[in-house]
Amino acid sequence: MPPQYLFDIAPLDLDRTLFDQEAIRQANPQRGDMEMLNAIVHANPDQGEIIGYKDVKDNEFWVAGHIPGRPLFPGVLMIEAGAQLASFYTRTFLRWQGFIGFGGVDGVKFRSPVLPGQRLYLLGKKLWDRHRRVCCNVQGIVDGSMAFEAQITGTQF
C-alpha cells in the first residue's frame, strides 16, 4: 500500500499563492542558496496544516556535484526544506519569536528522487508544541509521488 499523505490535498488549489518568497523572508532567516521555499500555497492553522513548494532548478549550487550526469536533489536539502516549512508555520501561526533551529529529525524515509525542473511540494502537520520545542510531520511530494517523509523537531533559541 502506498504511503498516505498527512492530509487530503485533492480539494486544494496548489497554484494559489498565500505567501510569496518575500513574505517567507519575513519569517525565515535563510538567504541565497539556502532558501528552500518559493511559496506557501495552503495553511490551515486550526488543523496544524501547511503546504509550500520549492522549484528545483538546474543551476543550483549542488547540481554539478550531486551526482555528475544525473543530478539528484540531496536528501539533506529536502529535510532542510521541510524544516524551513515548519519554521515558517511556527513563526507565522504560533507567533514564536527568535531563531528556531533543528532539535531533531526522526523517521526519515526517502522514497523517490527529486530532479532539477521538478516542483517539490512540502506538506507539514504540527504534532505538538511545548517548552520552546515544536514537532511537525513533513512530506515531500513530486508529481503525485511521495519523495520523502520525516518528523522534524525545532527548538526556539
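User: Why does Gln84 count as buried or exposed in this model?

Analyst: The model is a predicted one. In it, Gln84 has 2% relative accessibility, and buried means under 20%, so Gln84 counts as buried. The residue is found in helix α2.

User: What surrounds Gln84, leaving aside its neighbours within four places in sequence?

Analyst: With those neighbours left aside, Gln84 is in contact with Asn28, Gln30, Met34, Glu35, Met36 and Leu37. Contact here requires heavy atoms within 4.5 Å. Asp46 is 38 residues from Gln84 in sequence, and the C-alpha to C-alpha distance is 20 Å.

User: How do you know that the side chain of Gln84 makes a polar contact, and with which side chain?

Analyst: The partner is the side chain of Glu80, at 2.8 Å. The cut-off is 3.5 Å between N or O atoms, so the pair, at 2.8 Å, is a polar contact.

User: Which residues line the largest cavity?

Analyst: The lining consists of Gln21, Ile24, Arg25, Asn28, Gln30, Arg31, Glu35, Met36, Leu37 and Gln84. Helix α1 gives the largest share of this lining, with three residues. The volume of the largest cavity is about 60 Å³, and the structure holds two cavities of 30 Å³ or more.

User: What makes such a space a cavity rather than a pocket?

Analyst: A cavity is a set of points where a 1.4 Å probe fits but cannot get out, whereas a pocket is an open set.

User: How many aromatic pairs are there?

Analyst: There are six aromatic pairs, taking ring centres within 6.5 Å as the criterion.

User: Why is the pair of Phe19 and Phe88 called stacked, tilted or edge-to-face?

Analyst: The ring centres of Phe19 and Phe88 are 5.1 Å apart, which is within the 6.5 Å limit. Their planes stand at 70°, and angles over 60 degrees count as edge-to-face. The pair is therefore edge-to-face.

User: What makes this pair a tie between parts of the chain?

Analyst: Phe19 lies in the segment before α1 (21-27), while Phe88 is in helix α2 (residues 75-93). The pair therefore ties together parts that are 69 residues apart in sequence. Phe19 and Phe88 also belong to one aromatic cluster with Tyr89 and Phe93.

User: Why do Phe19 and Phe88 fall into their accessibility classes?

Analyst: Phe88 is at 1% relative accessibility, and the buried class is under 20%, so Phe88 counts as buried. Phe19 is at 23%. That value lies between the 20% and 50% cut-offs, so Phe19 counts as partly exposed.

User: How do you know that Arg130 has its charged end over a ring, and where does Arg119 lie?

Analyst: The charged end of Arg130 sits over the ring of Trp128, 4.0 Å from its centre. Arg119 lies over the face of Tyr53, at 3.6 Å from the ring centre. The distance limit is 6 Å, with a further condition of within 35 degrees of the ring normal.

User: Why does Thr155 count as buried or exposed, and what does its side chain join?

Analyst: Thr155 lies in strand β6 (residues 145-156). Its relative accessibility is 14%, which is under 20%, so Thr155 counts as buried. A polar contact of 3.3 Å joins its side chain to that of Arg133. Leaving aside neighbours within four places in sequence, the contacts of Thr155 include Phe99, Ile100 and Arg132.

User: What stands out in the backbone at Arg95 and Asp143?

Analyst: Most residues other than glycine have a negative phi. Arg95 has a positive phi of about 65° although it is not a glycine, and Asp143 has one of about 50°. Arg95 lies in the loop between α2 and β3 (100-110), whereas Asp143 is found in the loop between β5 (133-142) and β6.

User: Why do Arg95 and Asp143 count as buried or exposed?

Analyst: Exposed means over 50%. Arg95 has a relative accessible area of 63%, so it is exposed. Asp143, at 68%, is exposed by that rule as well.

User: Which form does the peptide bond from His66 to Ile67 take, cis or trans?

Analyst: That bond is cis, with omega near 5°. Ile67 is found in the loop between β2 (49-55) and α2.

Terms used. Residues numbered from 1 in each chain as written. Predicted model: local features only at pLDDT ≥ 70, side-chain atom pairs only at ≥ 80, totals over all residues. Heavy atoms only, no water. Phe/Tyr/Trp six-rings, centres within 6.5 Å; stacked < 30°, edge-to-face > 60°. Helix = DSSP H or I, 4+ residues; strand = E, 2+ residues; numbered from the N terminus. Buried < 20%, exposed > 50% of the residue type's maximum accessible area, 1.4 Å probe, protein only. Polar contact = N/O pair within 3.5 Å; in protein donor to acceptor, adjacent residues only side chain to side chain. 1 Å grid on protein atoms, 1.4 Å probe; cavity = no way out; pocket = protein on both sides within 12 Å on 5 of 7 lines; lining within 4 Å. Points joined across faces, edges and corners; volume = space filled by probe spheres on them.
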